[in-house]
Amino acid sequence: MIPSILYAALVFAVLVVVHEAGHFAMAKKVGVRVLRFSVGYPPKVLGFRRGETEYSLGATPFGGYVRMLGDEVGEKPTPDEIKLYLHEIGLDLTGAAREHGAVLDAADFDDNLRTLAERLSASGAGVAQTTLGRELKPDEALLLNEVRGEPKVDDAIKALAEHPPTVLVEEYCKRAFPTQSLGKRVLIVLAGPISNIIFAPLLLTLVFMYGVPQMLPVVGKTTKDLPAAKAGLQAGDKIVSVNGQPMETWADFSKTVKAGDGSAVKLEIDRNSAHSTIVITPTRLDQKTIYGTNATTWVIGVQPRGDEIAKRYGPIDAVKEACETSVEMTVQMVVGIASIFTGSTPVREALGGPIMIAQMAGQEAHRGIANLAMFTVMLSLELGIINLLPVPLLDGGHLLFFVFEGIKGKPLELRYREAMLQVGLFLLVALMAFVIFNDISRIVQG
């Protein structure tokens with residue numbers, strides 16, 4: 001079970017990085033300050049700072065987040081938010097000074113900032129350029145000037161936060177998420193799930209170029225009293241063609257039989273190097289897909305022997321196949337999710353939790369890297385689609401708030417947002433408890 005957990009953690013880490021990188025890249029693109037990019041949740045195991053962002057790895061691996069400047073949509077920045085912003089500015093300044101050769105002790109923020117304030121108080125031309133590699137920004141100049149006038153750095157930050165000058169508030173609003181235009185906030189929120197959806201065909205392209213395991217159309221077993229057994233099909237028979245159409249893989253064979261809607265199929269088979277022809281009429285079967293939806297299909301009652309080859313695609317064919325496969329999977333998932341809400345598919349049969357995901361990750365990894373990558377593709381699409389659902393705490397919930405804001409012309413009142421977020425939290429906790437219990441039930445029942 002340990003290897004399965006490790007494979008699942010690896011898959012989740014990749015998907016979290018892809019998802020959060022979407023939010024991160026779009027936030028940077030539109031000018032929002034990103035304070036932290038975290039894979040996993042606290043406590044922090046390790047981390048480092050590059051530029052104005054801290055990159056960290058949390059002890060809880062199944063998740064992650066991007067923290068941007070500002071908390072509440074449409075609210076005036078509070079003193080605490082201004083304090084945080086000023087502290088980040090101080091980190092920017094000391095980091096820039098360290099990168100450009102200034103002697104600063106990385107462990108002591110207060111002494112570093114005070115030393116830097118005194119050094120930059122000189123009026124000589126080019127002092128800031130030499131020390132920081134650039135000129136001071138207006139908010140940085142305000143902070144350093146306040147630091148020089150107060151005995152403690154904390155006092156300087158507190159004084160500015162409680163009575164922030166207009167220029168400081170303006171600079172804060174330029175970089176904070178809540179004060180961006182509605183369009184920019186929508187783009188930032190959408191970028192996460194869209195990244196997961198786009199990642200699927202990209203990874204699939206690499207998989208198809210690397211080589212996808214393909215099951216050969218060789219019979220392994222026939223089911224008694226079903227059409228294949230009655231027609232005389234035997235284990236070891238290789239399906240050469242169906243209705244004159246060559247069969248390269250078991251998937252081709254299965255798809256062709258099912259596409260006939262019950263009409264008789266003419267099979268050319270190779271049995272011990274001797275060719276013969278068998279006509280079989282499929283029978284109807286009602287079954288559930290891997291996405292939990294009910295489906296009617298036509299079968300002849302035969303299973304593959306398991307012979308495999310690796311089928312490799314050229315770059316152009318790989319892109320085409322990856323896009324088509326991604327679209328097919330997405331449609332199936334959307335239909336599957338819809339069937340859960342309509343009640344046509346029992347929730348217990350459709351949903352799996354972290355235990356089932358870990359088991360599946362281990363199984364697919366055991367079958368090969370291509371299979372594990374295909375499993376990652378499926379989860380990436382599911383993560384992108386589910387995150388678009390209008391549930392508070394998910395990206396779709398934030399988009400729902402933005403719809404209300406667009407209709408009303410102003411953000412939804414804070415008390416309503418808080419109430420909806422509490423409901424969303426309750427639903428997600430209840431769902432997580434349910435799927436874990438469901439996973440355990442599956443194990444106990446075998």
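Questions about a predicted model

Me: How do the residues of the lining of the second largest pocket divide into nonpolar, polar and charged?
Reply: In this predicted model, the lining of that pocket has five nonpolar, five polar and 10 charged residues.

Me: What makes Asp92 count as charged and Gly95 as polar?
Reply: Asp is in the charged group, and Gly is placed among the polar residues. Asp92 and Gly95 are, with Arg49, Gly51 and Leu91, the closest to the centre of the second largest pocket, out of 20 lining residues. The space in this pocket is about 420 Å³.

Me: Which elements each supply at least two residues of that lining, and which gives the most?
Reply: Strand E1, helix H2 (79-99) and helix H3 (109-119) each supply at least two. H2 gives the most, with seven residues.

Me: Why is Asn272 called exposed?
Reply: Its relative accessible area is 74%, and exposed means over 50%, so Asn272 is exposed. Asn272 sits in the loop between strand E7 (265-271) and strand E8 (274-280).

Me: Why is Leu393 called partly exposed?
Reply: The relative accessible area of Leu393 is 40%. Buried needs under 20% and exposed needs over 50%, so Leu393 falls in between. Its place is the loop between helix H14 (369-387) and helix H15 (395-408).

Me: What is phi in Asn272 and in Leu393?
Reply: Phi is near 55° in Asn272 and near 90° in Leu393. Both values are positive, in residues other than glycine. Most residues other than glycine have a negative phi.

Me: Is the peptide bond from Pro42 to Pro43 cis or trans?
Reply: That bond is cis, with omega near 5°. Pro43 lies in strand E1 (residues 34-50). Most peptide bonds are trans.

Technical notes. Residues are numbered from 1 along each chain as its sequence is written. This is a predicted model: local features need pLDDT of at least 70, side-chain atom pairs count only at pLDDT 80 or more; totals for chains, interfaces and linings use all residues. Side-chain values use heavy atoms; hydrogens and water are left out. Helices (H or I, at least four residues) and strands (E, at least two) are DSSP runs, numbered from the N terminus. Buried means under 20% relative accessible area, exposed over 50%, partly exposed in between (1.4 Å probe, protein chains only). On a 1 Å grid over the protein atoms alone, a cavity is a set of points where a 1.4 Å probe fits but cannot get out, and a pocket is an open set with protein on both sides within 12 Å along at least five of seven lines; lining residues have an atom within 4 Å of a point. Grid points are joined across faces, edges and corners, and a volume is the space filled by probe spheres set on the points.
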